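Student: I am new to this structure. Can we go through it by asking how each label is earned?

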Amino acid sequence: MFTCALESIIRKTDSEGGISIDGEFLQTLLFADHIVLISKNPQDLEKMLQQLSQNCRKIGLKVHPDKTKWMKNEYCRNYTQKIDGSSIERVDQYIYLGQNIRMDNDISMEIQRRKRAAWGAFNKIRSTITDQNIDMKIRTHLFNSHILPALTYGSETWNTTKREEQSLKVTQHAIERRICNISKLHHVRNSVIRDRTEVRDVIVEIYTSKRRWAGHVARFKDDRWTYRVTNWYPRGVCREPGRPPMRWENPIVKVMGETWKRKAQDREYWKSCDLHQWRDFR
């Protein structure tokens with residue numbers, strides 16, 4: 001009922017902001033009780049927020065100013081956002097739906113959060129997964145089902161660098177050593193430990209998730225925002241001189257070519273695609 005009430009409020013809110021994506025304006029993102037308002041300039045954003053607050057009060061709800069934050073990119077001037085006379089804190093990053101969101105697309109903080117989450121998942125089952133009397137197949141299953149998902153949550157949307165991928169590998173190797181009760185003083189290679197644990201590799205898992213999600217997006221038949229944003233090429237602002245930033249689809253394009261969306265229509269063929277060695281692909 002609470003979600004239905006929020007949806008009714010959003011429908012009654014006259015949104016004048018938003019950003020143009022191929023002729024259509026993206027103004028809000030809604031998930032349960034999480035609401036994101038999007039605008040091209042801070043003045044329109046403040047109007048949207050005030051309207052939202054007024055419509056909430058009509059049904060007995062209130063927007064909490066201390067729990068409301070706003071972010072801007074480098075192209076937006078400084079501004080003091082207010083709601084009902086209270087200033088709203090501007091932040092450089094925010095945890096939204098379990099991921100660290102930044103306006104500069106830097107995922108290094110999110111990688112650190114994923115590593116901490118993996119160690120947290122390991123510590124919850126430490127007594128079981130490090131018990132040498134338990135069959136390794138059972139402990140491998142525990143790693144793949146509990147620790148690896150915590151380490152790779154949201155990875156289908158990542159643009160990882162070599163350094164970030166190496167950091168994730170180091171974390172996985174460290175956990176595997178704990179599982180096998182082997183320290184670096186034993187001078188046992190990571191490859192030998194992997195042969196013993198047979199757990200799924202974190203980098204393979206990241207690019208498998210990306211390939212799976214890309215296939216879903218390519219096969220969408222309706223005109224939803226996920227498909228629109230994937231195909232959208234922002235224009236209107238000149239980028240800084242130098243090497244262009246890597247886009248989300250670059251690994252897919254390098255391996256599968258510019259027509260990857262057409263190839264993704266064949267599910268069986270798409271499942272056989274391997275992206276994790278895309279940097280070595282010629």
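Tutor: Yes. Start with a network: Glu110, Arg113 and Arg114 are linked by salt bridges. Keep in mind that this is a predicted model.

Student: What makes the contact between Glu110 and Arg113 a salt bridge?

Tutor: Set the distance against the cut-off. A side-chain nitrogen of Lys or Arg must lie within 4 Å of a carboxyl oxygen of Asp or Glu. For Glu110 and Arg113 the N to O distance is 3.0 Å. The pair therefore meets the definition.

Student: Why can such side chains pair at all?

Tutor: Opposite charges can pair when the charged atoms come close.

Student: Where do Glu110 and Arg113 lie?

Tutor: Both are in helix H3, residues 108-124. They sit 3 residues apart, about one turn of the helix.

Student: Why is Glu110 called buried?

Tutor: Buried means under 20% relative accessible area. Glu110 has 1%, so the label fits.

Student: And why is Arg113 called partly exposed?

Tutor: Partly exposed runs between the 20% cut-off for buried and the 50% cut-off for exposed. Arg113 has 21%, so it counts as partly exposed.

Student: Which residues does Asn100 contact?

Tutor: Leaving aside neighbours within four places in sequence, Asn100 is in contact with Gln93, Tyr94, Ile95, Met109, Glu110 and Arg113. Asn100 itself belongs to strand E10.

Student: Is Asn100 buried or exposed?

Tutor: Buried. Its relative accessible area is 10%, and the label needs a value under 20%.

Student: What does strand E10 pair with?

Tutor: Strand E9, residues 93-96, pairs with strand E10, residues 99-102. The sense is antiparallel, over 4 bridges. Pairing takes at least two bridges, so the definition is met. Tyr96 has Gln99 of E10 as its bridge partner.

Student: What joins E9 and E10?

Tutor: They form a hairpin with 2 residues between them. Leu97, in the turn, has a positive phi of about 55°.

Student: How do you know that E3 and E4 pair?

Tutor: Count the bridges. E3, residues 28-31, and E4, residues 34-37, share 4 bridges in the antiparallel sense. At least two are needed, so they pair. One of the partnerships joins Thr28 to Leu37 of E4. E3 and E4 also form a hairpin, with 2 residues between them. Here Ala32 in the turn has a positive phi of about 55°.

Student: How many salt bridges are there in the whole structure?

Tutor: A search finds 14. One of them joins Lys69 and Glu89, at 2.7 Å from N to O.

Student: Why does the Lys69 and Glu89 pair tie together separate parts of the sequence?

Tutor: Because Lys69 lies in strand E5, residues 69-70, and Glu89 in strand E8, residues 89-90. Those parts are 20 residues apart in sequence. Lys69 is partly exposed at 32%, and Glu89 is partly exposed at 44%.

Student: What makes Arg279 and Glu165 a salt bridge?

Tutor: Their N to O distance is 3.0 Å. The limit is 4 Å, so the pair qualifies. Arg279 follows helix H12 and Glu165 is in helix H6, so this pair ties together parts 114 residues apart in sequence.

Student: Which of the two labels, buried or partly exposed, goes to Arg279 and which to Glu165?

Tutor: Arg279 has 24% and is partly exposed. Glu165 has 8% and is buried.

Student: How do helices H5 and H8 meet?

Tutor: Their axes come within 10 Å and cross at roughly 65°. The crossing is right-handed. Leu148, Leu151 and Thr152 of H5 make the contact with Val202, Glu205 and Ile206 of H8. By class, that is 4 nonpolar, 1 polar and 1 charged residues.

Student: What does Glu156 touch?

Tutor: Ser209, Lys210, Trp213 and Trp248, not counting residues up to four places away in sequence. Glu156 is in the loop between H5 and H6. It is partly exposed, at 26%.

Student: What does the chain come to overall?

Tutor: It has 12 helices and 10 strands. Of its 282 residues, 37% are buried.

Key: Residues numbered from 1 in each chain as written. Predicted model: local features only at pLDDT ≥ 70, side-chain atom pairs only at ≥ 80, totals over all residues. Heavy atoms only, no water. Buried < 20%, exposed > 50% of the residue type's maximum accessible area, 1.4 Å probe, protein only. Axes fitted to C-alpha atoms, helices over the stretch in contact; angles between N-to-C directions. Left-handed = near helix turned anticlockwise from the far one by under 90°. Contact = heavy atoms within 4.5 Å. Nonpolar A, V, L, I, M, F, W, Y, C, P; charged D, E, K, R; others polar.
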